[in-house]
Amino acid sequence: MNRHAIQRLGFGLLGFVALVVVIPIVLIIALIVVRGAGAISWEFLTTMPYDGMKAGGIFPAIVGTLLLTMGTAVVSIPIGVGGAIYLSEYAKDTWLTRAIRLALVNLSGVPSVVYGLFGLGLFVLFLRMGTSILAGSLTLAIMTLPVIISTSEEALRAVPMEFRTVSASLGGTRWQGIRHVVLPQATSGIITGILLGLLRAGGETAPILFTVAAFYLPKLPTSPLDPVMALPYHLYVVSTQVPGMPPQMQYGTALVLLVLVLSMNVVSSLIRSYFRRRRQW
Amino acid sequence: MVTHDPASEALSALQHPVKIRTENVNLFYGDVHALKDVTIDVPLHAVTVFFGPAGGGKTTMLRLINRLNDLVDNIRMSGHIWVDGDDIYAPGTQVAALRRRIGMVFALPLPLPGTIRSNVVYGPKLAGIRQASRLDELVESSLRQAALWDEVKDRLDTPANQLSGGQQQRLCIARSLALEPEILLLDEPTSGLDPVSTAKVEASLLELKKRYTIIIVPHNVQQGARIADYAGFFLMGELIEKGDGREVFNRPQNSHTEDYVTGRFG
């Protein structure tokens, strides 16, 4: 076999492997679209469910997921980005920072149901928040933090040291250099991290199972201490807990969740490419 | 404090008061002894050249004068550095304010992200200058001093990284000048430049020394000899020889210096 044949074989193999990755995604999306598209209507998206969820829409679940994602963002973005800035720009290599890093690595490996139980113990019961948007958002935020911190820290470290040196040489304080030179160049990476984390939070079921999600609650919340329905949990419920559920509505719910997550993904890559164009080195 | 050595005598011959004085400066990077007992007086409004083979401590010495080595971990320093008689390593020194008085230009030009204008006004803005007319004034005057104004005056708001290498380096010089510093530290500022740009930068240095105290690490011996009013030869962390620029380059006293300036090593 000559080297050109080997090269063709190599490319062929690599192409096949790439295809293997893509095929399941395409199949999942196709299946959900084909079976669920029929359920999508203005009514389905904007009305309350009734008749034990077997009829009506999924409006409260959509609202609930959006509220939970926003609540998660409000808590996890400032803490996450702040923590990343501290670790990347200020922290010296001590036993404390090594412990923090170790904790982050371990936290990102914790199964999501464990976060759910932790949220139940700490927020719902001990802090007496009850099953509420607040408790759910906080639980999701804790789950999201390691993702945001580690991706943001990586983005900050990718900015060459020389930029900090130049800023300092021009009379900038450490914070001024971070604020005006380092952060703008790390923005695209930080936003990627934030959205990755939030996307995961928006699609999770286990952490909200005990902390916020209502099984069947055909009304909108009026305070952060109210429980809400949420799309992932609603999907779980209508898929497994409701006998006689029309399959079209199950797939319709899945489709809405999928579109919500994918559209956030698209928005995130648009934001990312906007900031990447402004970056230079 | 004040030591009477040949260097001081050379200085008095130059009729320049002392701007920067270092005394027994030692520096360790981890276990590496990078500077050994460096004692030197740098005259006001003159060009002082720090030269010698790579790894001799020239750049390290420059970075001590504006305390940039503060940013590096795992460093130990002893000795004293005075600027205008103030010990800049004394506790309570305002480091950012000190660095505003001491501009620095690095071997590799590194424009900050943004436009030509935003690069020049970066320092002044951080220093609290807000007035647009004052900032415009600084942009023009510092770009003129760096011999860049005529080439960029019509495109101040284009990205700085679109400039050529030589223009970027002059932009970096202008960026330092915009703070109206008293001292300019230049670390091989022409190493990436073609001969024409190098000549422009050298010409502007000769102009600048009327108002600034300049320390430069030249990118070769010839450049050092061309511009030195005063010179120090660094070898393996030691300041081997110092004195009037013409003397050091033409009639070196130390055999190592002589070997180096005549091209026998380094």
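Select Asp37(B) to begin, in what is a predicted model: this residue is partly exposed, with 14 other C-beta atoms within 10 Å, a count that falls between the 12 or fewer of an exposed residue and the 20 or more of a buried one. Asp37(B) sits in strand β2, which covers residues 32-43 of chain B, and its phi is positive, at about 50 degrees, although Asp37(B) is not a glycine. Most residues other than glycine have a negative phi.

Move next to His45(B), in the loop that runs between β2 and β3 (47-51) of chain B. His45(B) is not a glycine either, and here too phi is positive, at about 50 degrees; the residue is partly exposed, with 17 other C-beta atoms within 10 Å.

Now select the residues of chain B that touch chain A. The contact draws 17 residues from chain B and 18 residues from chain A, and on the side of chain B the elements that give two or more residues are α3 (95-101) and α4 (116-126). Coloured by class, that side of chain B shows 11 nonpolar, 3 polar and 3 charged residues.

Finally, step back to the whole of chain B, which has 11 helices and 10 strands and whose C-alpha atoms fill a box of roughly 50 × 45 × 40 Å along the principal axes. The radius of gyration of chain B is 18 Å, which agrees with the value near 18 Å that a compact globule of 266 residues would have. Buried residues make up 46% of the 266 residues in chain B, and among its contacts between residues at least 6 apart in sequence, 70% join residues at least 24 apart.

Terms used: Residues numbered from 1 in each chain as written. Chains lettered and ligands numbered in written order. Predicted model: local features only at pLDDT ≥ 70, side-chain atom pairs only at ≥ 80, totals over all residues. Helix = DSSP H or I, 4+ residues; strand = E, 2+ residues; numbered from the N terminus. Rg over C-alpha atoms; globule rule 2.2 N^0.38 Å. Contact = placed C-beta atoms within 7 Å. Nonpolar A, V, L, I, M, F, W, Y, C, P; charged D, E, K, R; others polar.
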